[in-house]
Amino acid sequence: QVDLVESGGGLVQPGGSLRLSCVVSGGSFRANTMGWYRQAAGQPRELVAGIISGGSTKYAASVEGRFTFSRDVAKSTAWLQMNNLKPEDTAVYYCNARGVLNHELYGMEYWGKGTLVNVSS
């Protein structure tokens, strides 16, 4: 079983920073792409930042220049550094990974349970 565990969320004032972490564990899983998504109350889930097919990093326009995605393949870990946070960044942030399980099952996708980021004064 493959698990994605997020951490690092919390309450922060506008203009503050948080760093989210996502650790992938369990099974023989090679993540080809990883990313962070978020879902605000009453809104659909959206891509925040992540590595897409081809290896490039994509950011939502609303976070460009403020958020930075990084990944350590050897540690099966991804991070999202969030600076200059705004109230509209408030949401549950989810880690996503897509790749190959047990060297033969392609197109596998996994989600974490999410971590809440609350930007408020």
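This is a short walk through one predicted model, from its strands to its side-chain contacts.

Two ground rules before we start. Residues are numbered from 1 along each chain as its sequence is written, and side-chain values use heavy atoms, with hydrogens and water left out. Because the model is predicted, local features need pLDDT of at least 70 and side-chain atom pairs count only at pLDDT 80 or more, while totals for chains, interfaces and linings use all residues.

Let's begin with the strands. A strand here is a DSSP run of E with at least two residues, numbered from the N terminus. Two strands pair if DSSP finds at least two bridges between them. As background, strands of a sheet pair through backbone hydrogen bonds, either parallel or antiparallel.

Which strands form the open sheet, and in what order? There are 4 of them, in the order β1-β3-β8-β7, with antiparallel pairing. The edges are β1 (3-7) and β7 (67-72), and each of these pairs on one side only. From one strand to the next, the twist averages 15°. That angle is taken between N-to-C directions, from 0 to 180 degrees, with axes as lines fitted to C-alpha atoms. Look at β1 and β3: they run antiparallel and are joined by 5 bridges. Asp3 stands opposite Ser25 in β3.

Now to β4. Residues 29-39 make up this strand. Of its 11 residues, 8 are buried, so β4 is mostly covered. Buried means under 20% relative accessible area, exposed means over 50%, and partly exposed lies in between, with a 1.4 Å probe and protein chains only.

What does β4 pair with? With β9, it shares 10 bridges, and the two run antiparallel. One contact there is Gln39, whose bridge partner in β9 is Val92. With strand β5 (residues 46-51), β4 shares 4 bridges, again antiparallel. Trp36 has Ala49 in β5 as its bridge partner. The hairpin of β4 and β5 has 6 residues between the strands, and in it Gly42 takes a positive phi near 75°.

Next, the disulfide. How many does a search of the whole structure find? It finds 1. The cut-off is a pair of cysteine sulfur atoms within 2.5 Å. Cys22 and Cys95 form it, with their sulfur atoms 2.0 Å apart. The torsion about the S-S bond is about -80°, so this disulfide is left-handed. Cys22 lies in strand β3 (residues 18-25) and Cys95 in strand β9 (residues 91-101), so the bond ties together parts that are 73 residues apart in sequence. Both cysteines are buried.

On to the aromatic rings. Rings of Phe, Tyr and Trp (its six-membered ring) pair if their centres lie within 6.5 Å; planes under 30 degrees apart are stacked, over 60 edge-to-face, and the rest tilted. The whole structure has 2 aromatic pairs. Phe29 and Tyr110 are edge-to-face, 5.1 Å centre to centre, with 85° between the planes. Phe29 sits in β4 and Tyr110 in strand β10 (residues 105-111), so this pair ties together parts 81 residues apart in sequence. Phe29 and Tyr110 are both buried.

The other pair is Tyr37 and Trp111. These rings are also edge-to-face: 4.9 Å centre to centre, 65° between the planes. Tyr37 is in β4 and Trp111 in β10, 74 residues apart. Is each ring residue buried or partly exposed? Tyr37 is buried, at 14% relative accessibility. Trp111 is partly exposed, at 34%.

Trp111 has a further contact. The charged end of Arg45 sits over its ring, 4.6 Å from the centre. Arg45 also sits over the ring of Tyr94, 3.7 Å from that centre. The test asks for NZ of Lys or CZ of Arg within 6 Å of the ring centre and within 35 degrees of the ring normal.

Last, the salt bridges. One counts when a side-chain nitrogen of Lys or Arg is within 4 Å of a carboxyl oxygen of Asp or Glu. The structure holds 4. Arg38 meets Glu46 at 2.8 Å, N to O. Arg38 is buried at 6% relative accessibility, and Glu46 is partly exposed at 35%.

Asp89 bridges to Arg38, with the closest N and O atoms 3.0 Å apart. Asp89 lies in the loop between β8 (77-82) and β9, so its pairing with Arg38 in β4 ties together parts 51 residues apart in sequence. Asp89 also bridges to Arg66, at 2.8 Å between the closest N and O atoms. Arg66 is in the loop between β6 (57-59) and β7, 23 residues from Asp89. Through shared partners, Arg38, Glu46, Arg66 and Asp89 join into one network.
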